[in-house]
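Here's a quick tour of the model you have open. Let's start with how far to trust it, then go through the packing, the charged pairs and a small sheet.

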Amino acid sequence: MGEANVEIEYVSVGANRHTAVADWSHDGLVAFGADTNIALWRPHDARPRGVVGLVPGHRDTVKAVKFLPRGDDEQLTYLLSGSDDHCLKVWALPPDGSAVRCIHTASEHAAAINCIATLDGRARGTSPATAIFATGAADASIKIWAFDGEKARVLQTLNLRPKFFPLAVALSRLEEDGGALVLAAAGTRDTIQIFVAESAADPEFRLQATLTGHEGWIRSLDFAWEKKPHGAYSDLLLASASQDKYIRLWRLHRGKELPAAVVNGADPSLGAYLPGKSPSNKPHRLEATGKDFTITFEALLLGHDDWIYSAKWDTTPDVPALRLLSTSADNTLAIWEADSSSGIWVTNVRLGEISREKGATTATGSTGGFWTGLWSPDGMSVVCLGRTGSWRVWRYNQEEDRWTPQIGISGHTRAVTGIAWASNGDYLLSTSSDQTTRLHGSWKQNNTWHEMARPQIHGYDLNCIDSLGPSRFVSGADEKLMRVFYEPKAVAKLLDRLCDISDSGTAVEAMPDAANMPVLGLSNKAIETVDDDIEIDTSAHFEADREVLDPGTTVRSSALEIDHPPFEDSLSRHTLWPEAEKLYGHGYEISCLAVSRAGDLVASACRASSINHAVIRLFETRNWTEIKPPLAAHSLTVTRLRFSPDDRNLLSVGRDRQWAVFEREQEGSLGYKLLQANPKGHSRMILDAAWAPSTDSSPTFATAGRDRMVKIWRRGEADFACLTTIAETHPATAIDFLPRPNKDGHFILAVGNEAGKISIHYLDSASLAVSSSFTLRAALCLAKPVLELAWRPRIDSNDLAVAGEDSSLRVYRIMENQS
């Protein structure tokens, strides 16, 4: 088998929540930090494919990502990234879309890199390829770098006094055609420090001014040139966004005399009553290359109700006036423009969740706000990053003169702990430590994968999941019970319309309309949708009257009558599944569960350090009662449970290094009894197990252990014995058999290990010997351990779902070699 036989069907990952975590290149590519990876996404693709690639390389969370402005004759695009691993990496992105490669790694900083600022255009007086940029890190220093196309070298280190951690840096020329540079730095103090360097060829920055006025940490800084008609000399504007809920604009003006507006006191907001200290308009003097400059306070932008995380200028050349995009923890995104007659800065556009109908809880709303906003290269689109790690997109519609939402991307923000295909393979369910369960499906119109529903938003980290047929599933979390969910009518109709998923055996009209989560609960309740023309009383006191409809939890009947995958606000509020049942019995957090192939049994286990708690409990799904007594075999936590293809056997493996096989007591009975246990199945703990497809030969299963071994066991005359051992380079953490033999009669076994590598093995179904193997190419492997693998239970395709500790969920199509 060749490694070229693997196609990427789907990659889903959530972004890290940091202001500097993303950038949008002039080629239309958005790069953002996603756990330790850098994710690449093209929001303007004709087919909205979502994440087109994940670039591994960093060893810790990526916090800052920035594209270097491209030189006139440069073919490659360069990307800078900074991480909690103290490293700065420079990446080269070829124009043909081939593999991204890291061309330089620098570890001069002694702590996490929080922000990166680049200088537009190449430095004058240097070789044409030299680019200047600055990085700010949690070692309370800013480093100035020069990049010559091959490696980055430090030109200067600024140790900040008084000491603070820089959260934002901005870099610009002092004059549009001059050589002097200005650097603004701010962070965990309420002041902005302005440094000036005489020349870009060999910059040496000196602190020349400290701007005061903000009353909270400063999260974002951005420079832009004011747009003046007929080539008049323009001033440089600096926008600073702070946790004090305000944005301040500062004007850098050439010459000793002050700008006209300041002399005349033209800004009406200066005399108005403002919260906190009155804005000081003391001019600050700068000097560079023998010229004088002044910095004055220009305007105070009021309008956000919570911390402001980012403020970005639209620098598109052909836009007549400057525009500023701000994102805030109040769930809104605002576009500001200066009024042409008065010069007062006003909000022209406000997007996000402005209405009273926000989520009822911090879980179902996007409470936590927007962390960063970006302009598209043409200035006609904006994207913003929400608390759930998802990106929302708005595009300006010129005909209607309004901003309309577009399809964004979403994904888990922490380790994906469990995955399960629907029993017929129609859709994929995933659970994560980010406390959500998500449903992913293929949109038939574009043949692209998207998150179609978010059935469970919980208060505990979720650990495991399995499907109970086409419209139900059961999940387990860091709590002592399991929860069973069933599909609401709105989601069933949405999946039918978008994904062609319809289940003839389930009466859609008998389903509940939708679900919501009570303000103080963890159990999703079934609710009826509200007609679009009904007014909801938003003045009622929910605390006094629990029967009153909370506007945050109502679902309009038209909410999911859409012809595209749901946007983030619909996913988090309108696609919850109602909870049908709770299954009790365990004494500690649920570690794993499995549903029988017939769907009539749920087997589960919990974390345990004694024989009493390491039992396996069985629940029948007709009346949801437990089948006593529980099955005892293990002494420590059971890590995986699997029913055999014919439900005759139940396999369990655990941290106590043993596996156990239970068999049905008799035909028609739901009870199981111990058939065989092997206390020395592996020399280290066993992490996963899987049954081979049913054939005429004896039952066969595989186990994967921390001892770097995958063992294949088959039942002989009496007992199961190990017939084949596959050695891995790292501890094997996940395995799964394709549910059917391939056309040559071979079993196909996928193995994932702790290093993130995935390999495919072809086993002879008679002898179980390995006939061939291949490892997926490095670009398809994970940066962290593979936590679970699951083949799609369908006849027509070999789709493999991969759950990773790096918060990524992937679906790969494994093509069979035609020869």
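This is a predicted model, with a mean pLDDT of 89 for the protein and 89% of the residues at 70 or more. Residues 265-273 are a weak spot, with pLDDT below 50 and nine contacts in the model beyond near neighbours in sequence. Residues 355-366 also stay under 50, and here the model has 41 contacts beyond four places in sequence.

**Helix 2 and what surrounds it**

- Helix 2 covers residues 489-499, and eight of its eleven residues are buried, so the rest of the structure largely encloses it.
- The buried ones are Lys-489, Ala-490, Val-491, Ala-492, Leu-494, Leu-495, Leu-498 and Cys-499; yes, there's a lysine in that list.
- What do the buried residues of helix 2 pack against? They sit against strand 33 (436-443) and strand 34 (448-457).
- Right after helix 2 comes Asp-500, which has a positive phi, near 60°.

**Pro-565, a loop residue**

- You'll find Pro-565 in the loop between strand 39 (525-527) and helix 3 (568-574).
- Is Pro-565 buried or exposed? Its relative accessibility is 2%, and the cut-off for buried is under 20%, so Pro-565 counts as buried.
- Leaving out residues up to four places away in sequence, Pro-565 touches Ile-407, Trp-443, His-450, Met-452 and Leu-498.
- Leu-498 is one of the buried residues of helix 2, so this contact is a handy link back to the previous group.
- Pro-565 and Ile-407 are 158 residues apart along the chain, yet their C-alpha atoms are separated by 7.1 Å.

**Salt bridges**

- The structure holds 37 salt bridges. Side chains of opposite charge can pair when their charged atoms come close.
- Asp-292 and Lys-256 form one of them, with the closest N and O atoms 4.0 Å apart. This pair links distant parts of the chain, 36 residues apart: Asp-292 is in strand 22 (residues 291-301), while Lys-256 is in the loop between strand 20 (247-254) and helix 1 (260-264).
- Asp-292 counts as partly exposed at 27% relative accessibility, whereas Lys-256 counts as exposed at 57%.
- Asp-461 bridges to Arg-414, with the closest N and O atoms 3.9 Å apart. Asp-461 sits in the loop between strand 34 and strand 35 (462-467), and Arg-414 in the loop between strand 30 (402-409) and strand 31 (416-421), so the pair ties together parts 47 residues apart in sequence.
- In that pair, Asp-461 is buried, with a relative accessible area of 18%, and Arg-414 is partly exposed at 45%.
- Arg-483 pairs with Glu-579, the closest N and O atoms being 2.9 Å apart. Arg-483 belongs to strand 37 (residues 482-486) and Glu-579 to strand 40 (residues 579-583), so this bridge ties together parts that are 96 residues apart in sequence.
- How accessible are the two partners? Arg-483 is buried, with a relative accessible area of 4%, and Glu-579 is buried too, with 12%.
- There's also a network: salt bridges with shared partners join Asp-434, Arg-438, Glu-451, Arg-454 and Glu-568.

**Nonpolar cores**

- In soluble globular proteins, nonpolar side chains tend to be buried together.
- The largest nonpolar core here has 26 residues, and Ile-192, Ile-194, Leu-221 and Leu-238 have the most contacts inside it. Strand 22 gives the largest share of this core, four residues.
- Setting aside neighbours within four places in sequence, Leu-238 is in contact with residues including Ile-192, Ile-194, Leu-221, Trp-250 and Trp-313.
- Apart from that core lies another one of 23 residues, among them Ala-420, Ile-465, Ala-490 and Leu-494. Ala-490 and Leu-494 are also among the buried residues of helix 2.

**A four-stranded sheet**

- Four strands make up an open sheet in the order 41-42-43-44, with antiparallel pairing.
- Which strands are at the edges? Strand 41 (590-595) and strand 44 (626-631) are, each pairing on one side only.
- On average, neighbouring strands of this sheet are turned by 20° against each other, direction ignored.
- Strand 42 (residues 601-606) and strand 43 (residues 616-620) pair over four bridges in the antiparallel sense, and Ser-604 has Arg-617 in strand 43 as its bridge partner.

Technical notes: Residues are numbered from 1 along each chain as its sequence is written. This is a predicted model: local features need pLDDT of at least 70, side-chain atom pairs count only at pLDDT 80 or more; totals for chains, interfaces and linings use all residues. Side-chain values use heavy atoms; hydrogens and water are left out. pLDDT is the predictor's confidence in each residue, from 0 to 100. Contact means heavy atoms within 4.5 Å. Buried means under 20% relative accessible area, exposed over 50%, partly exposed in between (1.4 Å probe, protein chains only). Helices (H or I, at least four residues) and strands (E, at least two) are DSSP runs, numbered from the N terminus. A salt bridge is a side-chain nitrogen of Lys or Arg within 4 Å of a carboxyl oxygen of Asp or Glu. A nonpolar core is a set of buried Ala, Val, Leu, Ile, Met, Phe, Trp, Tyr and Cys residues joined through side-chain atoms within 4.5 Å. Two strands pair if DSSP finds at least two bridges between them. Axes are lines fitted to C-alpha atoms, for helices over the stretch in contact, and angles run from 0 to 180 degrees between N-to-C directions.
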